[in-house]
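Me: Please take a close look at the part of this protein that surrounds the ligand, and set it in the context of the whole chain.

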Amino acid sequence: STVSINDNVVEASLPTGESVAIHLYGATVTSWKANGQEQLFLSEKAHLDGSKPIRGGIPLVFPVFGPPPQNHVTSPLPQHGFARNSNWEYLGKSSAEAADNQGDQAVKLDFGLSHTMLSEEFRKAWPYEFGLVYSVTLTKTSLQTQLQVRNEGTQNFEFQVLMHTYLNIADISAIRVKNLESKTYIDKTREATSHTETSPALAITGETDRVYQNLDPSVPIIVSSAADDQPLFSITREALADVVVWNPWIEKAKGMADFGPDEAYKNMICVEAGSVSGWQTIEAGDSWEGGQTIKSRL
Ligand code: BG6
């Protein structure tokens, strides 16, 4: 594999042609090419200069999901926390041992963020001594993103985490999301009410913002083609029991200054693996690990 670093973007590619690009701003994966195609959606109007979280790819949400709750330690933080709008460091590449790597090459890139690297504003807003190591592993058939959270301080802290993956699709009306049936979800478009999913193959036909809870991380969420039921993506998780399904649809897409073109809501579906319905607590000196593996056109 080859790795290059230019203008705060780390890019790696395999001899077989697959590639991945990660911006140090947010350690945001902005491109994943496999099967000769871009697999992630990136808005044409995304800010790539560190002035705003990147709209597209895989922004990392930490240590709070959505608008922080009131009267909580995370209350002073912006929506989705600080990880996606902080400058990470590239820690280097290591040889990856992907579980499905039958003699094929793989490359693993590590990124780090710790409390000393945060802006003064964020450090004050969330005064814990933490260390994050985010590992992005590219194989011929998959992209894996894994996060290790370390508590390097003397007091416990709690956090939420989410890998906000924007999948690139040709047409939102031609896909279905599977393996959510019978799961409980919160519908954020309807005053956060709780529902049970009845569809074995969810069609997206309007604004969708749902937090599916308590899933078995080893059961893949499948994005399939409605026409022939072929899987386009499968997402398995580790230690991430919630999955957010989000599409802004027409009006919300128009309302986001960094989302473009307006019609691009048809070309994306966010399937976001996370731990967001409660809080993970890490005791002083302990660590936590979780992640996702995305496979494309299996
Ligand atoms: C999703 C949330 O994860 O992210 C949505 O469930 C939110 O409510 C979306 O609108 C995008 O958030 P942001 O901060 O990137 O505009």
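Reply: Helices are counted here as DSSP runs of H or I with at least four residues, and strands as runs of E with at least two, numbered from the N terminus. On that basis the secondary structure of the chain in this predicted model comes to 2 helices and 22 strands. The C-alpha trace spans about 55 × 50 × 35 Å along its principal axes, and the radius of gyration of 18 Å agrees with the value near 19 Å that a compact globule of 298 residues would have. Of the 298 residues, 41% are buried, and among contacts with a separation of 6 or more, 65% join residues 24 or more positions apart.

Turning to the ligand, its surroundings consist of G66, Q79, H80, H164, K188, D209, V244, W246 and E272. Sorted by class, this shell holds 2 nonpolar, 4 polar and 3 charged residues.

Two members of the shell, H164 and E272, also carry the "active site" feature in the unreviewed UniProt entry. Although they span 109 residues in sequence, their C-alpha atoms are no more than 4.6 Å apart, so they gather at one spot. H164 belongs to the loop that links β11 (157-163) with β12 (166-168), whereas E272 is part of strand β21, which covers residues 268-282. H164 has 22 other C-beta atoms within 10 Å and is therefore buried, the cut-off being 20 or more. E272 likewise counts as buried, with 25 C-beta neighbours inside 10 Å.

The contacts of these two residues, leaving aside neighbours up to four places away in sequence, link them to each other and to other parts of the chain. H164 is in contact with I58, P59, V61, C270 and E272. E272, for its part, touches L162, M163, H164 and T165, and also V243, V244 and W246; of these partners, V244 and W246 are themselves listed around the ligand.

The same unreviewed UniProt entry places a "binding site" feature at R55, Q79 and R84. These positions are spread over 30 residues of sequence but cluster in space, with a largest C-alpha distance of 13.6 Å. Q79 is one of the residues that surround the ligand. R55 sits in the loop between β5 (37-38) and β6 (60-61), and R84 in the loop between β6 and β7 (89-95). R55 is buried, with 23 other C-beta atoms within 10 Å, and R84 is buried as well, with 22 C-beta neighbours inside that distance. Beyond four places in sequence, R55 touches S43, K45, A46, D258 and F259, while R84 is in contact with G26, T28, P53, P59, L60 and V61. P59 and V61 thus appear among the contacts of R84 and also among those of H164.

For the wider setting, the largest nonpolar core has 73 residues, and those with the most contacts inside it are V20, I22, L167, V223 and V271. In soluble globular proteins, nonpolar side chains tend to be buried together. V20, taken as an example, is in contact with A12, V29, S31, W32, V136, L138 and L143 once its neighbours within four places in sequence are set aside.

Note on methods: Residues are numbered from 1 along each chain as its sequence is written. This is a predicted model: local features need pLDDT of at least 70, side-chain atom pairs count only at pLDDT 80 or more; totals for chains, interfaces and linings use all residues. A residue is near a molecule or strand if its C-beta atom, placed from the backbone, lies within 6 Å of it. Ala, Val, Leu, Ile, Met, Phe, Trp, Tyr, Cys and Pro count as nonpolar, Asp, Glu, Lys and Arg as charged, and the others, Gly among them, as polar. A nonpolar core is a set of buried Ala, Val, Leu, Ile, Met, Phe, Trp, Tyr and Cys residues joined through C-beta atoms within 7 Å. A residue is buried if 20 or more other C-beta atoms lie within 10 Å of its own, exposed if 12 or fewer, and partly exposed in between; C-beta atoms are placed from the backbone. Two residues are in contact if their C-beta atoms, placed from the backbone, lie within 7 Å. UniProt positions are given in the numbering used here, feature names are shortened, and annotations may be inferred rather than shown by experiment. The radius of gyration is taken over C-alpha atoms; the globule rule is 2.2 Å times the number of residues to the power 0.38.
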